[in-house]
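Grab a pencil and a viewer. Here are a few exercises to work through, each with a solution you can check yourself against.

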Amino acid sequence: MNTLPLFFNLTDKPILIVGGGDVAYRKAMLLNKAGAKITVIAKNVSDDFYTFLTTHHHKVVQKSYEPHDLTADKFVLMICATNDNDLNERIYHQAHTLNIPVNVVDTPHLCDFIFPAIVDRNPVMIGISTNGNAPVLARLLRAKIERILPQNIGTIAKQAGNFRVIVKQKLAHISKRRHFWESVFNKVISDKSLKSLDDELGDFIAKKPSVGEVYIVGAGTGDPDLLTLKALRLMGQADVVLYDALVPDVILDLCRRDSQKIFVGKKRSYHTKSQDEINALLIKYAKDGKRVLRLKGGDPFVFGRGGEELLACKQAGIAVQVVSGITSALSASASSGIPLTHRGVATSVRFLTACYQTGEHFDGLKSTYHADETLVFYMGLHALDKLVTNLMASSVTTDTPIAIISHASLPTQQILKGTLGDIVDRQAKVCLPAPAVIIVGNVVKLHQSSDKWLSSL
């Protein structure tokens with residue numbers, strides 16, 4: 001974070017603008033909307049700018065800027081918008097000496113503060129900044145947000161401000177108040193029909209929820225762009241987050257900032273919590289009235305033990321929502337360019353695990369393998385030699401193509417391909433790290449080598 005975004009109250013605050021052109025005019029219009037008292041110093045001021053300033057009772061001084069025009073007792077901040085670079089720099093250093101924050105327009109290294117691109121739904125204000133690096137990008141992002149933000153969000157926010165005292169009187173606990181407001185604003189954001197706030201509050205109180213809720217959410221393979229919209233919404237409202245070892249910080253940071261975050265990761269040789277302990281935590285926090293997010297790598301229902309957590313919660317009378325994530329097999333397929341099915345090559349696909357609940361390893365296919373089939377293995381890298389041996393014992397030929405996709409969809413992704421006959425030796429040379437997905441079948445032939453492939457070994 002190069003700059004800290006803050007919202008200042010500038011009502012009746014004296015602000016100096018040096019410059020009389022279009023840029024200075026645009027800054028003055030923003031400051032006027034914020035209620036500031038503006039003084040403009042410029043030898044030449046455009047007619048429209050002059051009319052604007054006098055109409056809104058601001059001060060115009062038509063002369064060249066002089067050092068005595070800026071004093072610490074006159075102005076709380078200033079904007080410099082002239083075409084004279086030497087003058088701009090002199091004003092910047094003078095303002096620094098006087099401890100007056102200054103913005104020299106379009107000169108980031110001479111700015112103590114930056115004007116963001118603004119989405120204005122008063123009292124809802126959204127500021128977007130690239131710290132001066134890409135102002136066009138900031139404007140494009142503003143336009144995108146303008147399109148998706150409900151037009152009435154500001155009106156609802158004003159009504160909420162007037163209604164807060166009533167909500168506080170009727171809902172004593174802060175978590176209940178938060179849940180109520182989230183239910184209201186989620187309706188607004190989702191363009192759902194909203195009753196009057198009195199009726200919404202009455203409906204909320206009538207429900208009288210005795211326990212919380214559990215969200216079992218798939219975080220995918222680590223790329224935040226692959227999260228579903230529903231996952232993001234639930235991540236933003238959960239009170240408690242129980243997360244796995246495969247959930248990266250970049251995704252965890254998208255959860256509500258003040259939520260309680262508990263690591264319950266399990267790796268092959270180390271479990272911080274057993275599955276029974278995780279189930280118990282989900283139930284405990286939900287019975288305390290919390291909204292509990294179980295954030296899992298991949299998809300909860302594909303070798304993710306989400307089914308066990310769902311059953312435990314249901315048996316305890318806890319409401320549960322399950323949100324799919326992009327499972328690692330699909331992510332690895334897309335990011336590596338290996339289709340799992342392909343006309344004329346593969347007509348079916350099997351998802352398998354190389355690590356059973358008993359701790360035993362994959363011991364062979366349970367049904368006959370066909371050449372037009374794709375096999376995808378989860379959690380098989382640590383026992384690659386046993387996996388290959390048992391595949392060949394299941395009549396999968398040694399020349400069958402195989403690919404290992406490590407860190408699928410992430411910048412650190414690497415891919416190694418070979419055949420059942422040589423993949424163990426290839427992996428021994430490069431040692432691709434877990435987590436990894438292993439794809440077996442003729443579909444591996446469909447992709448050409450690229451800079452992420454290690455197939456030449």
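The exercises below go through a sheet, its packing helix and the nonpolar cores of this predicted model.

**Exercise 1.** Work out the strand order of the open sheet of 5 strands, and say which strands sit at its edges.

*Solution.* Start with the pairing: it is parallel, and the order reads 3-2-1-4-5. Next, look for strands that pair on one side only: these are strand 3 (59–61) and strand 5 (102–104), the edge strands. Finally, check the twist: neighbouring strands are turned by 15° against each other on average, ignoring direction.

**Exercise 2.** Take strand 1 and strand 4 of that sheet: how many bridges join them? Then find the helix that packs on the sheet.

*Solution.* Strand 1 (residues 14–18) and strand 4 (residues 77–80) run parallel and are joined by 4 bridges. For a concrete pair, pick Ile17, whose bridge partner in strand 4 is Ile79. Now add the helix: helix 3 (residues 85–97) packs on the sheet and touches strand 1, strand 4 and strand 5. Compare directions, and helix 3 makes about 165° with strand 5.

**Exercise 3.** Find the largest nonpolar core and say which elements give two or more residues to it.

*Solution.* This core has 22 residues, and those touching the most other members are Phe362, Leu365, Leu375, Phe377, Leu391, Ile404 and Ile438. The elements giving two or more residues are strand 16 (373–378), helix 13 (384–393), strand 17 (401–406) and strand 19 (436–440). Helix 13 tops that list with 4 residues. Zoom in on Leu365: leaving out residues up to four places away in sequence, its contacts are Arg350, Leu352, Leu375, Leu391, Ser394 and Val396. Don't stop there, though: apart from this core lies another of 19 residues, including Leu10, Ala36, Val40 and Phe49.

**Exercise 4.** Is strand 19 mostly covered or uncovered? And which strands pair with strand 19 in the antiparallel sense?

*Solution.* Count the buried residues, taking under 20% relative accessible area as the cut-off: 5 of the 5 in strand 19 qualify, so the strand is mostly covered. Then split them by face: Ala436, Ile438 and Val440 lie on one side, with Val437 and Ile439 on the other, and both faces are covered. Now for the partners. Strand 16 pairs with strand 19 in the antiparallel sense over 4 bridges, and Tyr378 stands opposite Val437. Strand 17 also pairs antiparallel with strand 19, over 5 bridges, and here Ile402 stands opposite Val440.

Terms used: Residues numbered from 1 in each chain as written. Predicted model: local features only at pLDDT ≥ 70, side-chain atom pairs only at ≥ 80, totals over all residues. Heavy atoms only, no water. Pairing = 2+ DSSP bridges. Axes fitted to C-alpha atoms, helices over the stretch in contact; angles between N-to-C directions. Contact = heavy atoms within 4.5 Å. Core = buried A, V, L, I, M, F, W, Y, C linked by side-chain atoms within 4.5 Å. Buried < 20%, exposed > 50% of the residue type's maximum accessible area, 1.4 Å probe, protein only.
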